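User: I would like a close look at one part of this protein, set out at some length and tied to the elements around it. Please keep the criteria explicit, since I will be reading with the model open beside me.

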Amino acid sequence: MSSTRSQSWLLDRRHVLRGIGVSLALPLLDCMTPLASAAGASPRVKRSAFMYLPNGVNTLDYQITTAGKDYEFSKSLAPLARHRDHITPFSGLHHPHGVGKHHSGIEIWLTGAKIGPAERNTISADQLMAQSTSPHTRFSSIELSAERGGLAVNVDGIHLPAQKNPSVVFRELFEESPGGATEQRRGYERQASILDAVLEEARSVGGKLGQADRGRLDQYLTSVREVEIRTQRANVWLDTPRPTIDSADKSKLDRNVSVEQFGEYLRTMYDIMVLAFQTDQTRVATFCTGYENGGPAIPEIGIQARHGLSHHNGNERMMRDLTASDTFNIQQFAYFLDRLAEVQDADGPLLDSTMCLYGSGMAYGHGHGNANLPILFAGGKALCIRHGQHVDYNALGKPEGYAYDLENAGKHYAICNQPVNSNARLSNLLLTMVQKMDVPAEKFGDSTSDITEIG
């Protein structure tokens, strides 16, 4: 981005967002620095991708049983063996606010929030990162989903819409609007006028409200201001041509791949994410590969939707099929890591500059178990991430270590419903990730500390 552009969208450094589930050492929007300040140093680009697998896993075939560096890959995770030096499997992580709550996993997977009738969700880790990276990219983040809903949550606790169609995603990222920049600019100006009117009306009533209503109005104004920033930034980016995409890549990615071809669909979405990172269209991406009440079937291997398989109640055929679904999905994630390792920017392989979080907000789907979550962390070596071991918080939570007994299904399912180690929180990993993305956070969600085992 040229530093000579108008930067009226920059927020005052003193602007503060409150009640978003994160504690910051510096003002949150300190990260929205003027473009000129980034023009000289050209620091290494940092990226993050988040991929969600719905309904948990067949944890009996997924669980790695040996902690440390000498672990053996489980049946479900075998496709990742070639990436051993670039991944860290975690065991024992959980969200305390999610344990025991029906289908709460996806809602708080990236927020760690306590939500209920009187409590709203809070900002997700990806969106907190996007506030830091957005001054440098055309899109602050991209949200993808194979089914309804997505993972990203804004400052008001509202899930951002996600795009399902790969062709639509490709065109939004890499093709100019049919009406051209002039027509787009008119649209942005109309939207800006509407936002100005909304803000003026909100301010006119602000002084007449009680404390509780004033707090809700502040949250609303913050949300409106966020839309205003995005609109102004998009207007500025109209002066910059989109990257030229090779014709072979375009023909491969600009097509309507159905979830009925699920493997091809996943790989197409992963390829689009890689291309978006490679061209620096965005540095933050989320991809929900299925929703808790569904989870696409995999017709190419004869596997039904994940939700039904997850409620197997010990049925051996359904458990085998769930393992096959787990393994298939892990294979596609391994493909994503392959592509990140193959594609290079000026600093080296994208995998080294991209942190990837893959997993689920459930472990044992049949009992809606929200402890011992299946979590895989990959990439980011250039961000001082250390990989190559199985970080097992179940074992670390007991002085004598934890002995897995996968022959005793009931015993293993118990640790998927109630955590062995209460301090092993997924928010600790999310906190570590946002810090690695240069967000000055001291706390995130229900975190108790960052994670030292990975760097």
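Does S145 count as buried or exposed, and at what relative accessibility? Please start from S145 and then work through the sheet around strand β4, which holds this residue.

Analyst: This is a predicted model, in which local features need pLDDT of at least 70 and side-chain atom pairs count only at pLDDT 80 or more, while totals for chains, interfaces and linings use all residues. Residues are numbered from 1 along each chain as its sequence is written, and side-chain values use heavy atoms, with hydrogens and water left out.

S145 counts as buried, because its relative accessibility is 1%, where buried means under 20% relative accessible area, exposed over 50% and partly exposed in between, with a 1.4 Å probe and protein chains only. The residue belongs to strand β4, which covers residues 142-145; helices (H or I, at least four residues) and strands (E, at least two) are DSSP runs, numbered from the N terminus. A polar atom of the S145 side chain lies 2.6 Å from the backbone oxygen of G149. If residues up to four places away in sequence are set aside, S145 touches A162, Q163, K164, Y265, F287 and C288, a contact being heavy atoms within 4.5 Å.

Two of those contacts, F287 and C288, lead into strand β5, which spans residues 284-288 and has 5 of its 5 residues buried. In a regular strand the side chains alternate between the two faces of the sheet. In β5, V284, T286 and C288 point one way and A285 and F287 the other way, and all are buried. β4 and β5 pair in the parallel sense over 4 bridges, two strands being paired if DSSP finds at least two bridges between them, and L144 stands opposite F287. F287 also forms one aromatic cluster with Y270 and F336; the rings of Phe, Tyr and Trp (its six-membered ring) pair if their centres lie within 6.5 Å, and planes under 30 degrees apart count as stacked, over 60 as edge-to-face and the rest as tilted.

The wider sheet is open and has 7 strands in the order β4-β5-β2-β8-β9-β3-β10, with mixed pairing. Strands β4 and β10 (391-392) stand at the edges with a single partner strand each, so one side of each is left without a neighbour in the sheet. Strands of a sheet pair through backbone hydrogen bonds, either parallel or antiparallel. Moving along that order, β5 pairs with β2 in the parallel sense over 5 bridges, and A285 is the bridge partner of A49. Further along, β8 and β9 pair in the antiparallel sense over 5 bridges, with Y358 opposite L376 of β9.

Aromatic pairs connect this sheet with other parts of the chain, and a search of the whole structure finds 10 of them. The rings of Y52 and W109 have their centres 5.1 Å apart and their planes at 75°, so this pair is edge-to-face. It joins distant parts of the chain, since Y52 is in strand β2 (residues 47-52) and W109 is in the loop between α3 (105-108) and α4 (125-133), 57 residues apart. Both Y52 and W109 are buried. A second pair, F333 with Y358, is stacked, at 4.5 Å centre to centre and 25° between the planes. F333 lies in helix α11 (residues 316-342) and Y358 in strand β8 (residues 354-359), so the pair ties together parts 25 residues apart in sequence. F333 and Y358 are both buried.

Two loop residues complete the picture. P54 sits in the loop between β2 and α2 (59-62) and is buried, with a relative accessible area of 1%. Apart from neighbours within four places in sequence, P54 is in contact with T289, G290, Y291, E292, G295, R306 and S360. P54 and I106 are 52 residues apart in sequence, yet 7.6 Å apart in space, C-alpha to C-alpha. G361, in the loop between β8 and β9 (375-379), counts as buried at 5% relative accessibility. With its neighbours within four places left aside, G361 is in contact with Y52, G105, W109, N370 and L373, among them both members of the edge-to-face pair.

Technical notes:
Polar contact = N/O pair within 3.5 Å; in protein donor to acceptor, adjacent residues only side chain to side chain.
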